[in-house]
Amino acid sequence: DMSGVSFPDSSGVGALVSCFVNRQHAGKTTALAGLTRQGSAVLQVSGVTKLIPTYPTVEEAVRSRSQFA
């Protein structure tokens, strides 16, 4: 749930990518939800949204990701 993050800096972007890679190696999925407009822009420019799917709400992310479980 990224709704409390107004602007992810480079450390935050790195942490998200690291989390994604670790979970992928463990056979798990990752999704982001509740991105602010600024947060979404940063993650799009950095290419993170090409790796990690995004959803408007946590509920939508859980619902969508549960079909892959």
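**Figure 1. Buried and exposed residues of helix α4.** In this predicted model, helix α4 spans residues 58–66, and Ala61, Ser64 and Arg65 are its buried residues. Viewed down the axis of α4, these buried residues fall within an arc of 95°, so they line one face of the helix. An α-helix has 3.6 residues a turn, so residues three or four places apart point the same way. Glu59, Val62 and Arg63 lie on the other side of α4, where they are exposed. The cover over the buried residues of α4 includes strands β1 (32–33) and β2 (54–55).

**Figure 2. Ser64 and its polar partner.** Ser64 belongs to helix α4. The relative accessible area of Ser64 is 15%, under the 20% limit, and this residue is therefore classed as buried. The side chain of Ser64 is joined to that of Tyr55 by a polar contact of 2.9 Å. Tyr55 is in turn part of β2 (54–55), one of the elements that cover the buried residues of α4.

**Figure 3. Surroundings of Thr30 in the loop between α1 and β1.** Thr30 is located in the loop that lies between α1 and β1. With a relative accessible area of 13%, Thr30 is buried. A polar contact of 3.2 Å links the side chain of Thr30 to the side chain of Arg23. When residues up to four places away in sequence are not counted, Thr30 touches Cys19, Phe20, Arg23, Ile52, Pro53 and Arg65. Two of these partners, Phe20 and Ile52, also appear in the largest nonpolar core, while Arg65 is one of the buried residues of α4.

**Figure 4. The largest nonpolar core.** This core holds 8 residues in all: Met2, Val13, Leu16, Phe20, Leu32, Leu43, Val48 and Ile52. Helix α1, residues 10–25, gives the most to the core, with 3 residues. Met2, another member of the core, is in contact with Leu16, Leu32, Ala33, Gly34 and Leu35 once its neighbours within four places in sequence are left aside. Leu16 and Leu32 are themselves core members.

**Figure 5. Gln24 in helix α1 and its separation from Ala61.** Gln24 lies in helix α1. Its relative accessibility is 48%, and Gln24 therefore counts as partly exposed. Gln24 and Ala61 are 37 residues apart along the chain, and their C-alpha atoms are separated by 17 Å. Ala61 is among the buried residues of α4.

**Figure 6. The whole chain as context for the close-up views.** The secondary structure consists of 4 helices and 2 strands, arranged along the sequence in the pattern α-β-α-α-β-α. The radius of gyration is 12 Å, close to the 11 Å that the globule rule gives for 69 residues, so the chain is as compact as a globular protein of that length. Along its principal axes, the C-alpha trace spans about 30 × 25 × 20 Å. Buried residues account for 25% of the 69 residues. Of the contacts between residues at least 6 apart in sequence, 56% join residues at least 24 apart. About 4,600 Å² of the chain is exposed, and carbon and sulfur atoms supply 54% of this area.

How values were computed:
Residues are numbered from 1 along each chain as its sequence is written. This is a predicted model: local features need pLDDT of at least 70, side-chain atom pairs count only at pLDDT 80 or more; totals for chains, interfaces and linings use all residues. Side-chain values use heavy atoms; hydrogens and water are left out. Buried means under 20% relative accessible area, exposed over 50%, partly exposed in between (1.4 Å probe, protein chains only). The arc is that of the directions from the helix axis to the C-beta atoms. Contact means heavy atoms within 4.5 Å. A polar contact is a pair of N or O atoms within 3.5 Å; within protein, one must be able to donate a hydrogen and the other to accept it, and residues adjacent in sequence count only if both atoms are side-chain atoms. The radius of gyration is taken over C-alpha atoms; the globule rule is 2.2 Å times the number of residues to the power 0.38. Accessible areas come from the Shrake-Rupley method with a 1.4 Å probe; for residues, only the protein chains shown count as cover. A nonpolar core is a set of buried Ala, Val, Leu, Ile, Met, Phe, Trp, Tyr and Cys residues joined through side-chain atoms within 4.5 Å.
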